[in-house]
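Reader: Got a minute to go through this model with me? Keep the answers short, please.
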Amino acid sequence: MQQNLLEHKPTRKELQDLRNKRTGLFIFQLSWILVFVCLVIVNWQLRSSSASWPPAGVQPISPVLPTVATVMLLASAWLVRSAAQAMKADEISAFIGRWWGAIGLGIVFVILMAYEWAAIPYSQVYSDVFRMMTGFHVVHAVAIGLFMYRVGRSAQVGLYHSANFWPVEGAAGLWYFVVVAWLLFYVVLYLV
Amino acid sequence: MASITAPTIGEGKVQPQAPSLRIQDYLRWTVDHKIIGVQYIATALFFFVIGGLLAMMIRWELLTPTLDVMQTGEQYNTLFSLHGTVMIFLWIIPVMAGFGNFLVPLQLGAKDMAFPWLNAFAFWIIPPAGLLMLAGWLVGPPEAGWTSYPPLSTLYSADGQTLWALSLHLLGISSILGAINFIVTILNMRPEGMGFWQMPLFCWAILATSIIVVMATPFLAGALTLLILDRVAGTSFFNAAGGGDVLLWQNIFWFYSHPAVYIMVLPGMGMLSEVLSVHSRKPIFGYRAIALSSMAIALVGFTVWAHHMFTSLTPELRIPFMITSLIIAVPTGIKVFSWLGTIWMGKIHFTSAMLFALGFLSMFVIGGISGVMLASVPVDIHVHDTYFVVSHLHFVLYGGSVFAIFAGIYHWWPKITGRMLDERLGKIHFWITYVSFFFTFFPQHILGMQGMPRRVAVYDPQFQTLNVVVSVAGFALGLATFVLLANMVSSLYSGKRAGANPWNALTLEWATTSPPPAYNFVGDPAPFADPYGYGTRESKEYLETLDKRFPPPVDDSLALTPNPQGTGD
């Protein structure tokens, strides 16, 4: 059965569908990242319309823990990428190890950011915008993480292989999206 | 387009009979793009009637300078808030998406959209989102206008404002999903022999529109997220007392909403290019200019948003935004002159579709000129927040978008249903609409320049005469719509059979039965090389081949058998 599937030559329609999905995912990434760009602009405008940032008497947020979280997220993106490559080479066991590794790093990232979210003291719009941005990002990380979990489970029962890998590629593309979105926020929240 | 040939259309293959669709086929989940298109259009028409009734109540209130129909000014606020939102987000945008859904795959000779399931999903978000919006009436409807500026929308409006924001959020997601589908379909699913420069102009317009949707609507999502948080989570993004900034909303909202006006008008411009060329039997004038000007409008549309904020903007920014706003008249002018060039010396058939297309040309130009006036800072500051603005936006959205939608309905109704609309009723509809539209909205220019503010129920008695003119014409305009609705209903039951190609058009949607069968075509249809090559020998041959494949219907009154497609020998 597996053997037959591997020898399966894609039809014109299957090729067309794959091309459509790739274009569609690309446009989705391009489009939805703009919500994050919009929130970056919101941060800038709030910043520029207040006398000092953070406002007088408010401690700036320490970048130490978020930097650790960011490194983990980048590592998870690298793992996802190599997992997807392993899938296209039919190295299923290598895929599974890397995929769960990536999800594990993602979970650590979410936990660290949840701590940050809860720990920041209330300081009107300064903490509002911090919680809104990190919260908005984590919602996406969790939703896409759950999808990756499902893909991982399906891969464990052998649903995917080098001729049927779109869900893996799609989930990986969405996870890159999470990472890029976070990098935008990381820069604006902690570095500048 | 040197090599114009008359290709074969599924020659040697058995052509299917037009399917007979029943009402219930349109009431359930399906991934057929044609049914989804009709679902969009029908849903939008429902909300058009709701939005129209709200407009009628507004005009009824404004017959007199004092409060009489409404008890309070707040009640009046809810009328125009919901009228604007419903008309924009639940009528014009979805109805355009409906035409796009029905026509784009057919014009590209494709079996369906790129993502049929996603297509259905994007549609089915709309009815619940619309009901969520209307549910505002149960908890206190929004009062802050369709633009919902804070602090009106954060500190003063009732809970319906939260539902308003949630509903818009859903509609925005629906728009983005639909637009992704359009872009992928147009980029990837064109048939062999159809490069970008052989693509029908309607597809170009939908492509430009979809690019705006995917680039602009995320900003609406961002702004609405903040608005909802301010309303329900106690944040203070728009509340200066908590360190927020009220202008933040205006900036993000208009960064979406100005491009959104092109979302509403570009598909209409695409329809116009089709209708004008077909009904004047002439090749389109300036094909590439029209196609590229859509793209130019999409691009420049992103650089003009602050002209909505001339009165609240840093003065140094006024001139740059005035310049970009004036520049956008250039690609629009290119289109208008190309359309005039198209009908110039053409063999014009004054069908209802053509009349509405010509109506668009005249009324949209008036709206465009008042737009140029508003783009100039001194005029804008003088007429800011007056009826001049109301007049301008209705000239472009009703005289533009809605006239184009009407033209589209008359033009493509035969394809969608397999039956013709009654031309006599169509002309009655056109003339009442055209005249009453003018007298509804033109006097508002004068009112605005004399200083009558918009969004008020109580006004200076000196404005009453013109307001009565506007209201009476407005009632006629509202009633005219029912002529169209009646025409549609009677056509479904007893309209003349349409045949595959009643207008002798060259684009691919006419190269199949009316309504088209499931999956649209038998085999891969070969498009005619020049979709607007009317009047050439090759196009005549092509149309004759089409007539042989899909025989025109026998007149119902003469036919002995009820089979409308002829004997099919």
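Reader: What does Phe356(B) touch, not counting residues up to four places away in sequence?
Author: Phe356(B) touches Phe403(B), Phe406(B), Ala407(B), Tyr410(B) and Phe430(B). Contact means that the C-beta atoms of two residues, placed from the backbone, lie within 7 Å.

Reader: Any ground rules before I go on?
Author: This is a predicted model, where local features need pLDDT of at least 70, side-chain atom pairs count only at pLDDT 80 or more, and totals for chains, interfaces and linings use all residues. Residues are numbered from 1 along each chain as its sequence is written, while chains are lettered from A and ligands numbered from 1 in the order in which they are written.

Reader: What pLDDT does chain B average?
Author: Chain B averages 92, and 95% of the residues score at least 70. pLDDT is the predictor's confidence in each residue, from 0 to 100. Residues 1–7 of chain B fall below 50, and that stretch has 16 contacts in the model beyond near neighbours in sequence. Residues 557–569 of chain B are also below 50, with ten contacts counted that way.

Reader: And what are the ipTM and pTM scores?
Author: The model scores 0.93 for ipTM and 0.93 for pTM.

Reader: Back to the inside of chain B. Which residues have the most contacts inside the largest nonpolar core?
Author: They are Ala223(B), Met264(B), Leu272(B), Phe356(B), Ala357(B) and Ala407(B), in a core of 214 residues. α7(B) gives the largest share of this core, 22 residues. A nonpolar core is a set of buried Ala, Val, Leu, Ile, Met, Phe, Trp, Tyr and Cys residues joined through C-beta atoms within 7 Å.

Reader: What counts as buried?
Author: A residue is buried if 20 or more other C-beta atoms lie within 10 Å of its own, exposed if 12 or fewer, and partly exposed in between, with C-beta atoms placed from the backbone. Buried residues make up 56% of the 569 residues in chain B.

Reader: Why does Leu397(B) count as buried?
Author: Leu397(B) counts as buried because it has 22 C-beta neighbours inside 10 Å. Leu397(B) sits in helix α14 (residues 387–417) of chain B. Leaving aside neighbours within four places in sequence, Leu397(B) contacts Ile92(B), Met264(B) and Val402(B). Its C-alpha atom is 8.4 Å from that of Phe364(B), 33 residues apart along the chain.

Reader: Where does Ile92(B) lie?
Author: Ile92(B) is in helix α2 (residues 73–107) of chain B. It is buried, with 28 other C-beta atoms within 10 Å. Beyond four places in sequence, Ile92(B) is in contact with Met87(B), Met264(B), Leu397(B) and Ser401(B). The C-alpha atoms of Ile92(B) and Val265(B) are separated by 8.8 Å, with their positions 173 residues apart along the chain.

Reader: Now the fold. How many helices and strands are there in chain B?
Author: Chain B has 17 helices and zero strands. Helices (H or I, at least four residues) and strands (E, at least two) are DSSP runs, numbered from the N terminus.

Reader: How far does α6(B) reach?
Author: α6(B) has 29 residues and reaches 42 Å from its first C-alpha to its last, close to the 42 Å expected at 1.5 Å a residue. That expected span is 1.5 Å times one less than the number of residues. α6(B) is mostly covered, with 22 of its 29 residues buried.

Reader: And α12?
Author: Helix α12 (residues 352–375) of chain B has 24 residues and reaches 34 Å, close to the 34 Å expected. Of those 24 residues, 17 are buried.

Reader: Switching chains. What pattern does chain A follow?
Author: Along the sequence, chain A reads α-α-α-α-α-α. That is six helices and zero strands. Of its 192 residues, 29% count as buried.

Reader: How many residues does the contact take from each chain?
Author: The contact takes 27 residues from chain B and 26 residues from chain A. On the chain B side, α6 (160–188), α7 (201–232) and α8 (246–279) give two or more residues. α7(B) gives the most, with nine residues.

Reader: What residue types are on that chain B side?
Author: They divide into 17 nonpolar, nine polar and one charged. Ala, Val, Leu, Ile, Met, Phe, Trp, Tyr, Cys and Pro count as nonpolar, Asp, Glu, Lys and Arg as charged, and the others, Gly among them, as polar.
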